[in-house]
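Colleague: I am new to reading protein models and would love a close look at a single part. Could you pick one helix, walk me slowly around it, and then show me how other pieces are held together?

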Amino acid sequence: MSPDHPPGLDLDRLRGLLDRERPGLVTGPLSGRLIEGGRSNLTYAVSDGTARWVVRRPPLGHVLATAHDMKREHRVISALHPTNVPVPRPVLLCEDDEVIGSPFYVMEFVEGTPYRTAEQLAPLGPERTRAAVLNLVDTLVDLHAVDPAEVGLADFGRPEGFLDRQLRRWAKQLDASRNRDLAGIDELHATLGRELPRSPAATVVHGDYRLDNVLIGGEHDEIRAVLDWEMSTLGDPLTDLGLLVMYSMPLGMPDSPVSTTAQAPGHPAPAELIERYAARSGRDVSAVAWYTAFAWFKLAVILEGIHYRYTLGQTVGRGFDRIGDLVPVFIEHGLTTLQKG
């Protein structure tokens, strides 16, 4: 891959569009590179030698437009940018497939680090790690404090029946990739269905809220930007909290291809994260065990789908051969969480 021709991004066509729609923004030839680490949509860093931007587009060869909705991502960051929630400043949305082969949007480039593992966090030291993770909770509270109607997102989702739909959606995903017996997965799903909590008032939900989906930087390790809004909607805010709690618990599997940051020195315990969220948001979090168990279930389904594609020879890269071993661990964590409450 050369800086002049990153896969899936025609820089000449991009430059032409920016010159027409944002005259004077670009002052030199564009170069670009694919940013590694994206889960689904492709992310590029683009520069004219003076300024930098980020381009987001669906994966190459995408089929389901609804699964990679650029307009939706652009809409939510545009709505949130004037609020206390740190998101990159949106620059432009292009829904014309003719420019680079798919819809895409451009936003400002934000300096910062996405911490993916405990090993990456360790150099910060215990105090800075603790502060960074607590900032993550505070930012989530800020997100859930945004009134969707006030920022033009009143119709961004269907909050009624949100949890029931989520359970059915992920059960359907599981059925689509079943090719082996998974002890406990049906029990976990059934128990979640029987014990469905009553949702609080709907908020904007990120849908994949964790430490490596934010950029941390600056003198005080502040959260510079929350990224990856492709799963955002209006729904139950405690689903975001449950996922954050899940990612703050150790897996107990050394060298796992899927990691949490829980083992980093100074990382707050899940109970402290829950307590801080409750105190700052004023929400009742007594059912947080359900939401955490649901997060374990959802991730088990996602990992099983990856494992299924691996068995069909549809994935390449390191670590995929061990994904299947993780699924029973996630199922067990989900069941244990429900049992312990």
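Modeller: Here is a walk around one helix, followed by some contacts and salt bridges elsewhere in the chain.

Please keep in mind that this is a predicted model. Let us begin with helix α9, which covers residues 270-281. How far apart should the ends of α9 be? At 1.5 Å a residue, its 12 residues should span 16 Å, and the end C-alpha atoms are indeed 16 Å apart, so the expectation and the model agree.

Now look around the helix. Which residues of α9 are buried? They are L273, I274, Y277 and A278. These four cover an arc of only 130 degrees around the axis, which means that they sit on the same side of α9. Turn to the other side of α9 and you find A271, E275, A279 and R280, which are exposed. What do the buried residues of α9 pack against? Their partners are α5 (125-145), α8 (238-246) and α10 (288-311). Just after α9 comes G282, with a positive phi of about 75 degrees.

Two of those partner helices deserve a visit. In helix α5 you can find T129. T129 is buried, because its relative accessible area is 0% and buried means under 20%. Leaving out residues up to four places away in sequence, T129 touches L121, L124, A264, P265, G266 and H267.

In helix α10, take a look at F294. With 3% relative accessibility, F294 counts as buried. Apart from its neighbours within four places in sequence, F294 is in contact with Q166, L167, W170 and L192. F294 and L188 are 106 residues apart in sequence, yet their C-alpha atoms are 8.6 Å apart in space.

Next, the salt bridges. How many does a search of the whole structure find? The search finds 19 salt bridges. Let me show you some of them.

Helix α5 comes back here: R128 forms a salt bridge with D221, with 2.7 Å between the closest N and O atoms. R128 belongs to helix α5 and D221 to the loop between β7 (214-217) and β8, so this pair ties together parts that are 93 residues apart in sequence. R128 is partly exposed at a relative accessible area of 39%, whereas D221 is buried at 7%.

Another salt bridge joins the side chains of R56 and E230, at 3.4 Å from N to O. R56 is part of strand β3 (residues 52-57) and E230 is in the loop between β8 (222-226) and β9 (233-235), so the pair links parts that are 174 residues apart in sequence. R56 is buried, with a relative accessible area of 2%, while E230 is partly exposed, with 24%.

One more example is the salt bridge between the side chains of R75 and D155, at 2.4 Å from N to O. Since R75 is in helix α2 (residues 70-80) and D155 is in the loop between α5 and α6 (162-176), this pair ties together parts that are 80 residues apart in sequence. R75 is partly exposed at 30% relative accessibility, and D155 is exposed at 57%.

If you would like to trace one path yourself, go back to α9: start from its buried residues L273, I274, Y277 and A278, then step across to α5, α8 and α10, against which they pack.

Note on methods: Residues numbered from 1 in each chain as written. Predicted model: local features only at pLDDT ≥ 70, side-chain atom pairs only at ≥ 80, totals over all residues. Heavy atoms only, no water. Helix = DSSP H or I, 4+ residues; strand = E, 2+ residues; numbered from the N terminus. Expected span 1.5 Å × (residues − 1). Buried < 20%, exposed > 50% of the residue type's maximum accessible area, 1.4 Å probe, protein only. Arc of directions from axis to C-beta. Contact = heavy atoms within 4.5 Å. Salt bridge = Lys/Arg side-chain N within 4 Å of Asp/Glu carboxyl O.
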